[in-house]
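Here is a walk through one structure, taken piece by piece. Keep the picture open beside the text as you read.

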Amino acid sequence: MSPAETQRRVSNRPPRPTMKDVAAVAGVSPKTVSNVLTGAAGVRPATRQRVEAAIAELDFVPNLSARGLRSGRAGVIGVALPDLSTAFSASLSQTVVRQAHSRGIAVQIEETAADPRREFDLVSRARAHHIDGLILNPVSLEDSVVEHVEHLPPVVLIGEVEQHRVDRVFIDSETASYQMTEHLISRGARRIAVIGASGSSRGRHATPTLRYQGHHAALKAAQLSPDPRLEVGDVPWTMAGGARGMQRILAAGETFDAVAAFTDSLAMGALHVLSQRGIRVPEDVLVTGFDDVEHAQFTNPPLTTISFDHADYVTAAFDLLSSRLDDRSLPPRAVCIPHQVVTRGSTGATPTGWSACGCGA
């Protein structure tokens, strides 16, 4: 193709939509469009929806480089999750990308594989101004970069790792685990196997530890004694890890009437092994999960689990990070996302709709 022909084709292309075009379609001002793209507070949900619909209709792509020159920002954030292969990470990643796109932000997603060096690498990139801020999901506080770096870039933690240095979004994992074990006991369970338990082996401020503590507290409240022979903790929080944990519990030869898995992926692996062994769920053994990923309602039988709104979870993280980028002097904040025990066929209970309970309830 000759240079002249190339120029002619470029000239014949329709003009690229602008922020003014989006504003006209949405019936708002260009400033409102800008506020939606940057995640600024004060935009009403209905207005935000109109702007986002107009962006999608026009296939509008913000000019991140121009905005970065004006604001001194790169227009990019980094997100680090422990294991991108799990159903929960897949759900979060998809939600993160959608949120970032609606706000005109690019996102770099990193798998840390519980390796703190990968978090350090993201911090280094933020300090070099290649990314503006970070959303991190550490497994434990002791392994996280936030414990070991004095001057952090804007950071939001997601997950139950409790600390008071940076902003965080979490669900009350200990209470949720308590409520799930309470549900199993109400269904007649007395010897509950646990997959994903870790006691204090991952640190006092780790998600597995909090879920383990909630489970034990519910047993104690019901005057039941935990059996260490029914607790498997040193497996990855994946379907393969759940299958391996279930095989080990069965190999131990101990009797049990329920399985509390600390993630839905673990529960799915356990369901697979129980089915292979001819152990019926829920007739012989009750099974529960945690996270309410999309797959949970399509297992056989559908999985009773802890549910919370993944979109609200990610939105809260973006909102905290956006305000932190605007004002780094703000004190650390914590946002708790409500959760609910959603009952399905795996515990033989009447299916329930989604009705959020308060954090710490």
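In helix α9, the buried residues are Thr-207, Pro-208, Thr-209, Leu-210, Arg-211, Tyr-212, Gly-214, His-215, Ala-218 and Leu-219. "Buried" here means under 20% relative accessible area, while exposed is over 50% and partly exposed is in between (1.4 Å probe, protein chains only). Helices (H or I, at least four residues) and strands (E, at least two) are DSSP runs, numbered from the N terminus. The buried residues of α9 pack against α8 (173-186), β6 and β7. A contact is a case of heavy atoms within 4.5 Å. Right behind α9 comes Gln-223, with a positive phi near 60°.

A word on where this comes from: this is a predicted model, in which local features need pLDDT of at least 70 and side-chain atom pairs count only at pLDDT 80 or more, while totals for chains, interfaces and linings use all residues. Residues are numbered from 1 along each chain as its sequence is written, and side-chain values use heavy atoms, with hydrogens and water left out.

Now for helix lengths. The expected span of a helix is 1.5 Å times one less than its number of residues. Two helices can be checked this way:

| Helix | Residues | Expected span | End C-alpha atoms apart |
|---|---|---|---|
| α9 (207-221) | 15 residues | 21 Å | 21 Å |
| α6 (87-102) | 16 residues | 22 Å | 23 Å |

For α9 the two values agree, and for α6 they agree as well. The buried residues of α6 include Ala-87, Phe-88, Leu-92, Val-96 and Ala-100. Just after α6, Gly-104 has a positive phi of about 70°.

Back to the strands that α9 packs against. β6 and β7 belong to an open sheet of 4 strands, in the order β7-β6-β8-β9, with parallel pairing. Its edge strands, each pairing on one side only, are β7 (231-232) and β9 (286-288). Two strands pair if DSSP finds at least two bridges between them. Strand β6 (residues 192-195) is joined to β7 by 2 bridges, and Val-194 sits opposite Glu-231 in β7. Helix α11 (residues 264-276) lies across β6, β8 (258-261) and β9, running at about 155° to β9. For that angle, axes are lines fitted to C-alpha atoms, for helices over the stretch in contact, and angles run from 0 to 180 degrees between N-to-C directions.

What about the loop between α8 and β6? Ala-189 lies there, and Ala-189 is buried, with a relative accessible area of 1%. Leaving aside neighbours within four places in sequence, Ala-189 is in contact with Leu-184, Leu-224, Asp-257, Ala-258 and Leu-286. The C-alpha atoms of Ala-189 and Phe-256 are separated by 8.3 Å, although these residues are 67 residues apart along the chain.

Next comes strand β5 (residues 167-170), home of Arg-168. Arg-168 is buried, with a relative accessible area of 9%. Among the residues that Arg-168 touches, not counting those up to four places away in sequence, are Glu-160, Glu-162, Leu-320 and Arg-333. In a regular strand the side chains alternate between the two faces of the sheet. In β5, Asp-167 and Val-169 point one way, Arg-168 and Phe-170 the other way, and all are buried.

β5 has two strand partners to look at. β4 (residues 155-158) pairs with β5 in the parallel sense over 3 bridges, with Ile-158 opposite Val-169. Another 3 bridges join β5 to β11 (residues 334-336), again parallel, and Phe-170 stands opposite Cys-336 in β11.

Which rings meet in a cluster? Ring pairs link Phe-88, Phe-308 and Tyr-313. Rings of Phe, Tyr and Trp (its six-membered ring) pair if their centres lie within 6.5 Å; planes under 30 degrees apart count as stacked, over 60 as edge-to-face and the rest as tilted. The structure holds 2 aromatic pairs. The rings of Phe-88 and Phe-308 have centres 6.0 Å apart and planes at 65°, so this pair is edge-to-face. Phe-88 lies in α6 and Phe-308 in the loop between β10 (305-307) and α12 (310-326), so the pair ties together parts that are 220 residues apart in sequence. Both Phe-88 and Phe-308 are buried.

Finally, the whole chain: it has 12 helices and 12 strands. Buried residues make up 51% of its 361 residues.
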